[in-house]
Amino acid sequence: MALNGIDYAVLLIYLVCTVGLGVYLGRRIKTGQDYFLAGRKLPWWAIGMSLVVSDIGAIDIVGIAGSAYLYGIVLGNFDWIGCVPVMIIAAFIFIPIFWRANVSTVPEWLGARYNVGVRTVSALIWGCFLACNLGIMLYATAVMLSVLLDLNPKFVIVANDEAAYMEIVQSLEGTVTGKTFAPPFHGSDEAGTLKIITEHNPNIILFDSPNPDFQAKIQGLPLQNEIPIAVLGEDRSPEAIDALVAGQAREPSWHLIYSIILMGVIIGVYTLFGGLAAVVYTDVIQCAVMMLGCIFILFYGIAQLGGLEAFVDIIQSMGERTANHFHLVLPADTDTSFPWSGIFLGLGLVLANAYWIGNQSIVQRSLGARSEGQAKASYIWGSLLKVIIPFTVVVPGIIALAHDPTITDADKAMATLVRDIMPPGLLGIFFAAFLAALMSSVDSCLNSAATLWTKDIYQRFFRPDAEDEHYLVVGRIITFCFIVFGIFFAEFSAQFDSIYTLIQTLLTLFQGPSLAIIVLGVLWKRTTGTGAFVGLILGMFSTFGMLWINEHASTPLFQIEDPFLYIAWWSFVFSMFVTAVVSLMTPMEPEEKLRNFVFRYNK
Amino acid sequence: MLPLVEAAGLSTTVADFFANILRGPGDIMRGWMVAFGVTGAKCVFFAYFTLLIIWILTLRKEEVTVKNEETGKSTSLRPFAIAALVSQILIYYFF
């Protein structure tokens, strides 16, 4: 996709405004509380928009739209039952209790309610997760940039027939080559292939079998660069293709790592200077830009297909492949990873609650609200915005399927749709919308990781009594370190097949146990620190255990391919049980650990 | 512990042992979920949203009210929360 001058101007204006606002807000910051909690002066409307746009980030644009391409509207569950009811429960029960405790992080609250052991374990888990998540988000952002700007290296496959071509393309799925190269061009006839090669200047040409005459014709083309030619032969395995491409392809002019560094630096600058205030107020701009852009893609994409009726007809005419694409509730024995039982129990009752109640990068902004009431209102406002989000993120994934059912890497579905249908001149606005969504999640993650490591690790164990200004300096240093770490970890993320599955799997490891001790701590006064500590540790072991058994047993423990929803549910139930039993065996916590920490304790 | 088990080549045996213990109750529960069918599942979703609406209606006034410090005006969050949940019922009804 070629951006023109106007597109670049729009992008530049957006980036300058975002970075400028962050740096401007940074000039007002004098203390650690200003940096980590925006001085507790944030209004409800800004927090609500920030909550929503932070949740719709790289993972959603790339991962959810990609999964919607494969599985349909069932992905809407992640924003509907996975957000709306939970945000309302959080608004009326959990968020007011967190806000009243005057803490900066969720682990800090756990420390006040339970003990330092629970706080430390929770802080280390969240700290490591947020740091890794930062890298994954940066990687997803870079993938988007590369696809949208057509920066990926290209290759042409010259196959004798369609079947041989498809065999090679399928081998590419999930390989490093398939992730980093643009979708391959198919050279079905000599004249057509020569034209493709001249126009696209590929980095390598793969022949499915030797063809000396045609190879000589290619070498005779008047090209800017010499294009390596490789012959696959009998071995068409992913490993063979990876090795062949890595060894012979011409070095691309733009690497994925350049995009990762570029995004890391831009996001890092305003987050480093402006802290939470910069994150939230830039999120407001990003929320408006992203929603407008995505709504336009929704309506324009459907219009391009001939209207809503034509769009539905195209999807339904694809037969078995799209039989469930317009069904939110799938049977418990579905082949996908989204059976209703997993969606309701694992997502609706555990993962969603853990995310909106226990995730530091989400909860932190409500801790910076002007008042307890405004903290509640921000979550209710966010839940209302969430109602429309799947229409802007999930449905475009299905539109991408109707537009082009041959996309081999689903993570690139949304980007391909935008690249193919958007009219010239308007591209900059949509590109800014994507960047807005991507940047909002990365900045939240970065700021939360820095807050957590500063408050729960550095302040707790190294300098508990320093001046508040000292923590501001430390927070900025840690933010800088995480930018560097995130860039390195982003490279590692490229090894995984689906970004979204990776993040869900990581979350599953500790979301259930983490939520169990928060829920019991708020709703049951009998919960003790020892009970919570044992429940958290054993709960995580149970998660590891289930994953290990599922992987190593001769017949998998769970009957769906990716059982993260079920594992979340069972680890939550197990942790609740262990925490409750151990709590009943240990003495009750003193009055000061219950007052203002347990729902309706004094009323 | 687990690396030792793997190193000893016992991983599949150990995993199968635990999997067989857990699979029995798991299969029974899965059978119940499958028997529910999609219509039954939708009823579970509707019941969840409806119970939440009822719960919101029973919350105390001070728990659902936001007071504006500057104007002194109070706003109830109850109608907004209920509107969000009603939208969920409609969405799950149509899809």
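Let's start at a small spot: Asn102(A) sits in the loop that links helix 5 and helix 6 of chain A. This is a predicted model, and in it Asn102(A) has a positive phi of about 55 degrees even though it is not a glycine. Why does that deserve a second look? Most residues other than glycine have a negative phi. As for its surroundings, Asn102(A) has 14 other C-beta atoms within 10 Å, so it counts as partly exposed.

Asn102(A) has company in this respect. Phi of Arg40(A) is near 50 degrees, again a positive value in a residue that isn't glycine. You'll find Arg40(A) in the loop between helix 2 (32-37) and helix 3 (44-55) of chain A. Arg40(A) is partly exposed too, because it has 17 C-beta neighbours inside 10 Å.

Now step past the loop of Asn102(A) into helix 6 (residues 106-113) of chain A. Is this helix enclosed or open? Seven of its eight residues are buried, so helix 6 is largely enclosed by the rest of the structure. The buried ones are Val106(A), Pro107(A), Glu108(A), Trp109(A), Leu110(A), Gly111(A) and Arg113(A).

Time to zoom out to the whole of chain A. It has 23 helices and four strands. Its radius of gyration is 25 Å, close to the 25 Å that the globule rule gives for 603 residues, so chain A is as compact as a globular protein of that length. Laid along the principal axes, its C-alpha atoms fill a box of roughly 85 × 55 × 50 Å. Of the 603 residues in chain A, 57% are buried. The contacts within the chain reach a long way along the sequence: take those between residues at least 6 apart, and 84% of them join residues at least 24 apart.

Gly348(A) gives a close-up of such a setting. This glycine belongs to helix 15 of chain A. With 24 other C-beta atoms within 10 Å, Gly348(A) is buried. Leaving aside residues up to four places away in sequence, Gly348(A) touches Ile81(A), Gly82(A) and Ile343(A). For a sense of scale, the C-alpha atoms of Gly348(A) and Leu25(A) are 37 Å from each other, and the two residues are 323 apart along the chain.

Helices also meet each other inside chain A, and here is one pair to look at. The axes of helix 13 (residues 256-304) and helix 18 (residues 413-421) of chain A come within 11 Å and cross at roughly 65 degrees. That makes helix 13 roughly perpendicular to helix 18. The crossing of these two helices is left-handed. Helix 13 of chain A brings Ile297(A), Tyr300(A), Gly301(A) and Gln304(A) to the contact, while helix 18 of chain A brings Leu417(A), Val418(A) and Ile421(A). Sorted by class, the residues of this contact are five nonpolar, two polar and no charged.

Chain B is next. It has four helices and two strands, and from the N terminus on its elements run α-α-α-β-β-α. How does its radius of gyration compare with that of a compact globule? A compact globule of 95 residues would come out near 12 Å, but chain B has 24 Å. Along its principal axes, the C-alpha trace of chain B spans about 70 × 35 × 20 Å. Buried residues account for 17% of the 95 residues in chain B.

So where do the chains touch? Contact involves 33 residues of chain A and 38 residues of chain B. On the chain A side, helix 5, helix 15 (340-358), helix 17 (372-403) and helix 22 (529-552) each supply at least two residues. The largest share of that side, eight residues, comes from helix 17 of chain A. By class, the side of chain A that touches chain B has 22 nonpolar, nine polar and two charged residues.

Helix 5 of chain A, which leads up to the loop of Asn102(A), is a good place to finish. Helix 5 (residues 84-100) of chain A and helix 4 (residues 78-94) of chain B pack at an angle of about 160 degrees, with their axes 9 Å apart. That makes the two roughly antiparallel, and they pass in a left-handed crossing. Val84(A), Pro85(A) and Ile88(A) of helix 5 meet Ala81(B), Ala84(B), Leu85(B) and Gln88(B) of helix 4 of chain B. This contact has six nonpolar, one polar and no charged residues.

How values were computed:
Residues numbered from 1 in each chain as written. Chains lettered and ligands numbered in written order. Predicted model: local features only at pLDDT ≥ 70, side-chain atom pairs only at ≥ 80, totals over all residues. Axes fitted to C-alpha atoms, helices over the stretch in contact; angles between N-to-C directions. Parallel < 35°, antiparallel > 145°, perpendicular 65-115°, else oblique. Left-handed = near helix turned anticlockwise from the far one by under 90°. Contact = placed C-beta atoms within 7 Å. Nonpolar A, V, L, I, M, F, W, Y, C, P; charged D, E, K, R; others polar. Rg over C-alpha atoms; globule rule 2.2 N^0.38 Å. Buried ≥ 20, exposed ≤ 12 C-beta atoms within 10 Å, placed from the backbone.
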